[in-house]
Amino acid sequence: MTLYIDCCARENSRTRRLAKVLLDRLGECEELYLYKEDLHHLDSCGLAERERLLQNGELNAPRFKYARQWAGADNIVIAAPFWDLSFPSVLKTYIENIYVTGIVSRYSEDGRPVGLCKANRLFFVTTAGGPLDERYGYEYIKTLATDYFGIKKVMLIKAEMLDVIGFDAEKILQDAINSVSKIFDA
Ligand SMILES: Cc1cc2nc3c(=O)[nH]c(=O)nc-3n(C[C@H](O)[C@H](O)[C@H](O)COP(=O)(O)O)c2cc1C
(Lines give C-alpha, C1' and ligand atoms only; values in the text may rest on other atoms or scores of the structure.)
Protein backbone atom coordinates (compact mmCIF):
# COMPACT_ATOMS: atom_id res chain seq x y z
CA MET A 1 0.00 0.00 0.00
CA THR A 2 1.22 3.48 -0.88
CA LEU A 3 0.85 6.24 1.69
CA TYR A 4 0.25 9.62 0.06
CA ILE A 5 0.98 12.69 2.18
CA ASP A 6 -0.53 15.80 0.60
CA CYS A 7 0.87 19.07 2.00
CA CYS A 8 -0.41 21.27 -0.82
CA ALA A 9 -2.49 24.21 0.43
CA ARG A 10 -3.58 25.60 -2.95
CA GLU A 11 -6.66 24.23 -4.67
CA ASN A 12 -4.98 24.15 -8.08
CA SER A 13 -1.66 23.01 -6.75
CA ARG A 14 0.89 22.13 -9.41
CA THR A 15 2.77 19.97 -6.90
CA ARG A 16 -0.35 17.86 -6.40
CA ARG A 17 -0.85 17.61 -10.17
CA LEU A 18 2.66 16.19 -10.52
CA ALA A 19 2.19 13.83 -7.58
CA LYS A 20 -1.06 12.45 -9.02
CA VAL A 21 0.80 11.26 -12.13
CA LEU A 22 3.14 9.30 -9.91
CA LEU A 23 0.27 7.94 -7.80
CA ASP A 24 -1.46 6.66 -10.94
CA ARG A 25 1.61 4.50 -11.51
CA LEU A 26 1.82 3.21 -7.95
CA GLY A 27 -1.78 1.96 -7.70
CA GLU A 28 -3.94 1.87 -4.60
CA CYS A 29 -3.10 4.42 -1.95
CA GLU A 30 -4.10 5.76 1.44
CA GLU A 31 -4.25 9.54 1.35
CA LEU A 32 -3.64 12.03 4.13
CA TYR A 33 -4.45 15.64 3.35
CA LEU A 34 -2.46 17.17 6.18
CA TYR A 35 -4.44 20.42 6.33
CA LYS A 36 -7.56 18.42 7.21
CA GLU A 37 -5.93 16.05 9.71
CA ASP A 38 -6.17 16.53 13.46
CA LEU A 39 -2.47 17.33 13.79
CA HIS A 40 -0.94 19.35 16.61
CA HIS A 41 2.63 20.45 17.01
CA LEU A 42 4.23 19.05 20.15
CA ASP A 43 3.59 21.39 23.08
CA SER A 44 4.24 20.73 26.79
CA CYS A 45 1.05 18.65 27.23
CA GLY A 46 1.71 16.67 24.06
CA LEU A 47 5.28 15.98 25.06
CA ALA A 48 4.26 14.85 28.55
CA GLU A 49 1.60 12.52 27.14
CA ARG A 50 4.00 11.09 24.59
CA GLU A 51 6.59 10.51 27.33
CA ARG A 52 4.04 8.75 29.55
CA LEU A 53 2.84 6.47 26.74
CA LEU A 54 6.38 5.55 25.73
CA GLN A 55 7.40 4.80 29.30
CA ASN A 56 4.38 2.49 29.61
CA GLY A 57 5.15 0.85 26.26
CA GLU A 58 1.75 1.89 24.86
CA LEU A 59 2.76 1.94 21.21
CA ASN A 60 -0.80 1.09 20.14
CA ALA A 61 -2.18 4.31 21.62
CA PRO A 62 -4.35 6.42 19.24
CA ARG A 63 -1.78 9.19 19.55
CA PHE A 64 0.69 7.07 17.54
CA LYS A 65 -1.67 6.15 14.68
CA TYR A 66 0.22 8.27 12.14
CA ALA A 67 3.53 6.72 13.17
CA ARG A 68 2.15 3.17 12.79
CA GLN A 69 0.66 4.03 9.39
CA TRP A 70 3.97 5.52 8.21
CA ALA A 71 6.01 2.55 9.46
CA GLY A 72 3.73 0.04 7.71
CA ALA A 73 3.51 1.65 4.26
CA ASP A 74 5.14 -0.05 1.25
CA ASN A 75 5.75 3.20 -0.64
CA ILE A 76 5.49 6.78 0.56
CA VAL A 77 4.76 9.81 -1.61
CA ILE A 78 5.07 13.30 -0.13
CA ALA A 79 3.75 16.22 -2.18
CA ALA A 80 4.99 19.51 -0.75
CA PRO A 81 5.58 22.83 -2.52
CA PHE A 82 8.83 24.73 -1.94
CA TRP A 83 8.06 27.35 0.69
CA ASP A 84 10.60 29.69 2.21
CA LEU A 85 13.57 27.50 1.27
CA SER A 86 11.88 24.42 2.71
CA PHE A 87 8.36 22.92 2.85
CA PRO A 88 5.08 23.99 4.51
CA SER A 89 5.15 23.81 8.33
CA VAL A 90 2.26 21.33 8.39
CA LEU A 91 4.76 18.72 7.18
CA LYS A 92 7.09 19.41 10.10
CA THR A 93 4.13 19.07 12.47
CA TYR A 94 3.34 15.72 10.83
CA ILE A 95 6.96 14.61 11.31
CA GLU A 96 6.76 15.52 15.01
CA ASN A 97 3.77 13.18 15.18
CA ILE A 98 5.28 10.22 13.31
CA TYR A 99 8.77 10.25 14.78
CA VAL A 100 8.12 7.81 17.60
CA THR A 101 11.01 5.75 18.89
CA GLY A 102 9.96 2.12 18.94
CA ILE A 103 7.67 2.49 15.90
CA VAL A 104 9.59 4.19 13.07
CA SER A 105 13.06 3.97 14.55
CA ARG A 106 14.99 2.55 17.48
CA TYR A 107 18.45 3.08 18.89
CA SER A 108 21.16 0.43 18.80
CA GLU A 109 23.24 -0.33 21.89
CA ASP A 110 25.90 2.12 20.73
CA GLY A 111 23.29 4.87 20.41
CA ARG A 112 22.88 4.85 16.65
CA PRO A 113 19.47 5.09 14.95
CA VAL A 114 18.12 1.96 13.29
CA GLY A 115 15.14 2.35 10.97
CA LEU A 116 12.03 0.24 11.53
CA CYS A 117 9.99 1.33 8.50
CA LYS A 118 8.87 -1.15 5.88
CA ALA A 119 8.89 1.16 2.85
CA ASN A 120 11.48 0.59 0.15
CA ARG A 121 10.80 3.86 -1.62
CA LEU A 122 9.91 7.39 -0.69
CA PHE A 123 9.14 9.93 -3.42
CA PHE A 124 9.39 13.60 -2.55
CA VAL A 125 7.42 15.65 -5.07
CA THR A 126 7.88 19.39 -5.11
CA THR A 127 7.54 22.46 -7.29
CA ALA A 128 9.27 25.81 -6.88
CA GLY A 129 8.64 29.32 -8.11
CA GLY A 130 12.35 29.90 -8.66
CA PRO A 131 15.38 27.63 -8.47
CA LEU A 132 14.90 24.74 -6.02
CA ASP A 133 17.42 24.64 -3.19
CA GLU A 134 17.37 21.03 -1.99
CA ARG A 135 19.25 21.55 1.29
CA TYR A 136 16.51 22.38 3.81
CA GLY A 137 13.56 20.51 2.39
CA TYR A 138 14.42 17.50 0.27
CA GLU A 139 17.84 16.79 1.83
CA TYR A 140 16.35 16.88 5.33
CA ILE A 141 13.57 14.45 4.39
CA LYS A 142 16.05 12.20 2.61
CA THR A 143 18.42 12.02 5.61
CA LEU A 144 15.56 11.36 7.99
CA ALA A 145 14.13 8.64 5.75
CA THR A 146 17.36 6.78 4.97
CA ASP A 147 19.44 7.26 8.14
CA TYR A 148 16.71 7.23 10.79
CA PHE A 149 13.67 5.45 9.35
CA GLY A 150 15.44 2.79 7.28
CA ILE A 151 13.75 3.62 3.97
CA LYS A 152 16.15 2.41 1.32
CA LYS A 153 15.51 4.61 -1.68
CA VAL A 154 14.47 8.26 -1.72
CA MET A 155 13.75 10.05 -4.98
CA LEU A 156 13.12 13.68 -5.81
CA ILE A 157 10.55 14.60 -8.45
CA LYS A 158 10.56 18.32 -9.13
CA ALA A 159 9.57 21.19 -11.35
CA GLU A 160 11.25 24.53 -10.74
CA MET A 161 11.28 28.12 -12.09
CA LEU A 162 7.49 27.99 -12.44
CA ASP A 163 6.90 31.59 -11.34
CA VAL A 164 9.75 33.27 -13.19
CA ILE A 165 8.67 35.61 -15.96
CA GLY A 166 9.83 34.33 -19.34
CA PHE A 167 9.77 30.68 -18.28
CA ASP A 168 7.07 28.42 -19.71
CA ALA A 169 5.58 26.94 -16.52
CA GLU A 170 3.25 24.55 -18.35
CA LYS A 171 6.10 23.11 -20.42
CA ILE A 172 8.35 22.72 -17.35
CA LEU A 173 5.56 20.90 -15.53
CA GLN A 174 4.89 18.68 -18.54
CA ASP A 175 8.59 17.78 -18.73
CA ALA A 176 8.47 16.81 -15.04
CA ILE A 177 5.37 14.70 -15.70
CA ASN A 178 7.25 12.95 -18.53
CA SER A 179 10.18 12.31 -16.19
CA VAL A 180 7.80 10.34 -13.94
CA SER A 181 6.88 8.07 -16.84
CA LYS A 182 10.57 7.46 -17.52
CA ILE A 183 11.11 6.14 -13.98
CA PHE A 184 8.53 3.42 -14.57
CA ASP A 185 9.16 2.72 -18.26
CA ALA A 186 12.95 2.38 -17.83
C1 LIG B 1 4.22 30.81 1.23
C2 LIG B 1 5.02 30.63 -0.03
C3 LIG B 1 6.40 30.59 0.03
C4 LIG B 1 7.16 30.39 -1.13
N5 LIG B 1 8.52 30.35 -1.03
C6 LIG B 1 9.26 30.14 -2.16
C7 LIG B 1 10.69 30.08 -2.08
O8 LIG B 1 11.31 30.22 -1.03
N9 LIG B 1 11.38 29.89 -3.24
C10 LIG B 1 10.74 29.70 -4.44
O11 LIG B 1 11.42 29.48 -5.44
N12 LIG B 1 9.38 29.74 -4.53
C13 LIG B 1 8.64 29.97 -3.43
N14 LIG B 1 7.27 30.00 -3.51
C15 LIG B 1 6.61 29.72 -4.81
C16 LIG B 1 6.17 28.25 -4.88
O17 LIG B 1 7.25 27.39 -4.60
C18 LIG B 1 5.64 27.87 -6.26
O19 LIG B 1 4.64 28.78 -6.70
C20 LIG B 1 5.10 26.45 -6.25
O21 LIG B 1 4.96 25.96 -7.56
C22 LIG B 1 3.76 26.38 -5.52
O23 LIG B 1 3.28 25.06 -5.56
P24 LIG B 1 1.73 24.72 -5.70
O25 LIG B 1 1.28 25.14 -7.09
O26 LIG B 1 1.70 23.27 -5.49
O27 LIG B 1 1.02 25.50 -4.63
C28 LIG B 1 6.50 30.22 -2.38
C29 LIG B 1 5.10 30.27 -2.43
C30 LIG B 1 4.36 30.46 -1.28
C31 LIG B 1 2.85 30.51 -1.37
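Two strands count as paired if DSSP finds at least two bridges between them; strands (E, at least two residues) and helices (H or I, at least four) are DSSP runs numbered from the N terminus. This is a predicted model, in which local features need pLDDT of at least 70 and side-chain atom pairs count only at pLDDT 80 or more, while totals for chains, interfaces and linings use all residues. Residues are numbered from 1 along each chain as its sequence is written, and side-chain values use heavy atoms, with hydrogens and water left out.

Strand β1 (residues 2–6) pairs with β2 in the parallel sense over five bridges. D6 stands opposite Y33 in β2. Helix α1 (residues 14–26) packs on the sheet and touches β1, β2, β3 (75–79), β6 (121–127) and β7; contact means heavy atoms within 4.5 Å.

The open sheet has five strands in the order β2-β1-β3-β6-β7, with parallel pairing. Its edge strands, β2 (29–33) and β7 (153–159), each pair on one side only.

Around the ligand there are 15 residues, of which R10, S13, T15, T127 and D163 come nearest; a residue is near if one of its heavy atoms lies within 4 Å. The table lists polar contacts of ligand oxygen atoms, a polar contact being a pair of N or O atoms within 3.5 Å.

| Residue | Partner atom | Distance |
|---|---|---|
| F82 | polar backbone atom | 2.7 Å |
| L85 | polar backbone atom | 3.2 Å |
| T127 | N or O atom in the side chain | 2.7 Å |

Taken alone, the ligand exposes 640 Å², and the protein buries 73% of that (Shrake-Rupley method, 1.4 Å probe).

Terms used:
Axes are lines fitted to C-alpha atoms, for helices over the stretch in contact, and angles run from 0 to 180 degrees between N-to-C directions. A polar contact is a pair of N or O atoms within 3.5 Å; within protein, one must be able to donate a hydrogen and the other to accept it, and residues adjacent in sequence count only if both atoms are side-chain atoms.
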